[in-house]
Structure formats: structure tokens, C-alpha cells
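Hi everyone, thanks for making time. I'd like to walk you through a structure that may be new to most of you, so have a look at the screen and let's go through it together.

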Amino acid sequence: MSVVQEQLEIKFRLPDGSDIGPKKYTEATTVSTLKESILAGWPKELENGPRTINDLKLINAGKILENNKTLAECRSAICDLSGVTTMHVVVKPPSQDRGIEKDDGNNAKGNRCRCTIL
């Protein structure tokens with residue numbers, strides 16, 4: 001019946017190999033709160049940084065962590081709680097949506113079905 005929540009020390013490994021943290025979080029901290037912390041600490045010199053938490057994915061122990069889960073709920077994905085836990089950050093490329101539209105435009109002539117139902 002312990003009310004005291006365990007503090008977890010977490011650092012975030014960015015795509016370029018640099019780290020944010022380590023910083024301590026309680027077990028009640030949600031993944032979306034972790035992502036907000038990453039946005040706040042994102043290095044200004046890195047290009048194509050995330051704009052929102054939806055641009056980020058957190059991966060730990062090979063599992064993508066869901067925004068609405070707490071660290072306590074993700075505990076099975078967190079292997080070593082005694083030291084610093086490293087979570088990998090994946091950033092959605094900002095031009096991804098534009099690239100899909102561009103590809104569709106290039107292939108429009110050859111790959112579209114033009115059926116007419118009368």
C-alpha cells in the first residue's frame with residue numbers, strides 16, 4: 001500500500017544519435033507527457049524537428065509506446081528500471097504527406113482505373 005511512486009530515470013536517443021536527458025519521471029507519467037518533454041528539449045540546431053507529439057514515436061525494448069499509457073502500464077516494455085532507461089525517438093518526416101501526393105501525380109496516367117457506371 002505504498003503511496004510513494006517510483007522515479008524512473010529516462011533519456012531519449014534522437015535520430016542523429018544525440019540524447020535528451022536523462023531526467024526523472026514518476027510511474028504515473030504518460031507517454032504523451034514524455035513526448036511533450038522531448039518537444040521542449042529538442043535541440044534548435046537539428047533540422048526537420050517535430051512540431052507536435054503526433055510527429056513523434058517512442059520506442060523502448062522494441063515496442064512503440066502508446067500516448068495514453070503511463071510508464072507503469074508500459075512497465076513490461078521497460079527492461080531495466082534500476083539505471084537509466086534509453087528510449088529511442090522516431091520523427092515523422094515533415095514532407096511525407098507532400099511526397100505521397102507528388103508520387104500519386106506522377107503515376108496518375110498509368111495506374112488509375114477510369115470506370116464509368118451507367
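Let's start with the sheet. In this predicted model, five strands form an open sheet in the order β2-β1-β5-β3-β4, and the pairing is mixed. Which strands stand at the edges? They are β2 and β4, the latter covering residues 63-64; each has a single partner strand, so one side of each is left without a neighbour in the sheet. As a reminder, strands of a sheet pair through backbone hydrogen bonds, either parallel or antiparallel.

Now follow β3 with me. On one side, β3 runs antiparallel to β5, and four bridges join the two. Two of the pairings with β5 are good to find on the screen: L58 stands opposite V89, and L56 has V91 as its bridge partner. β3 also pairs with β4, again in the antiparallel sense, over two bridges. There, I59 has I64 of β4 as its bridge partner. The hairpin of β3 and β4 has two residues between the strands, and A61 in this hairpin takes a positive phi near 55 degrees.

How do the two faces of β3 compare? L56, L58 and N60 make up the covered face, while K57 and I59 are on the uncovered one. That fits a general pattern: in a regular strand the side chains alternate between the two faces of the sheet.

Next, the helix. α1 lies across β1, β2, β3 and β5, and runs at about 115 degrees to β3. One residue to pick out in helix α1 is S37. With a relative accessibility of 16%, S37 counts as buried. Leaving aside residues up to four places away in sequence, S37 touches K23 and Y25. S37 and F12 are 25 residues apart in sequence, and their C-alpha atoms are 9.9 Å apart in space.

That brings us to the core. In soluble globular proteins, nonpolar side chains tend to be buried together. Here, the largest nonpolar core has 18 residues, and the members that touch the most others are F12, I38, L58, M87 and V89. Where do the core residues come from? At least two are supplied by each of β1 (7-13), β2 (19-26), α1 (31-41), β3 (56-60) and β5 (84-91).

Take V89 as an example. Not counting residues up to four places away in sequence, V89 touches F12, R13, L14, P15, I38, W42, L56, K57 and L58. So please keep F12 in view for the next part.

How many aromatic pairs are there? A search of the whole structure finds one. The partners are F12 and Y25: their ring centres are 6.2 Å apart and the planes are at 70 degrees, so this is an edge-to-face pair. Because F12 lies in strand β1 and Y25 in strand β2, the pair ties together parts that are 13 residues apart in sequence. Are these two rings buried or exposed? F12 is buried, at 1% relative accessibility, and Y25 is buried too, with a relative accessible area of 8%.

Let's turn to charges. Side chains of opposite charge can pair when their charged atoms come close. Searching the whole structure turns up two salt bridges. One joins the side chains of K11 and D19, at 3.6 Å from N to O. The other joins D19 and R13, at 2.4 Å from N to O. Since these salt bridges share partners, K11, R13 and D19 are joined into one network. D19 counts as partly exposed, at 33% relative accessibility, and R13 is partly exposed as well, at 26%.

One last stop is the loop between β4 and β5, where you will find T70. Is T70 buried or exposed? T70 counts as buried, at 18% relative accessibility; the cut-off for buried is under 20%. Apart from residues up to four places away in sequence, T70 touches E27, A28, T29 and T30.

That's my tour, and I'm happy to go back to any part of it.

Conventions:
Residues numbered from 1 in each chain as written. Predicted model: local features only at pLDDT ≥ 70, side-chain atom pairs only at ≥ 80, totals over all residues. Heavy atoms only, no water. Core = buried A, V, L, I, M, F, W, Y, C linked by side-chain atoms within 4.5 Å. Buried < 20%, exposed > 50% of the residue type's maximum accessible area, 1.4 Å probe, protein only. Contact = heavy atoms within 4.5 Å. Phe/Tyr/Trp six-rings, centres within 6.5 Å; stacked < 30°, edge-to-face > 60°. Salt bridge = Lys/Arg side-chain N within 4 Å of Asp/Glu carboxyl O. Pairing = 2+ DSSP bridges. Axes fitted to C-alpha atoms, helices over the stretch in contact; angles between N-to-C directions.
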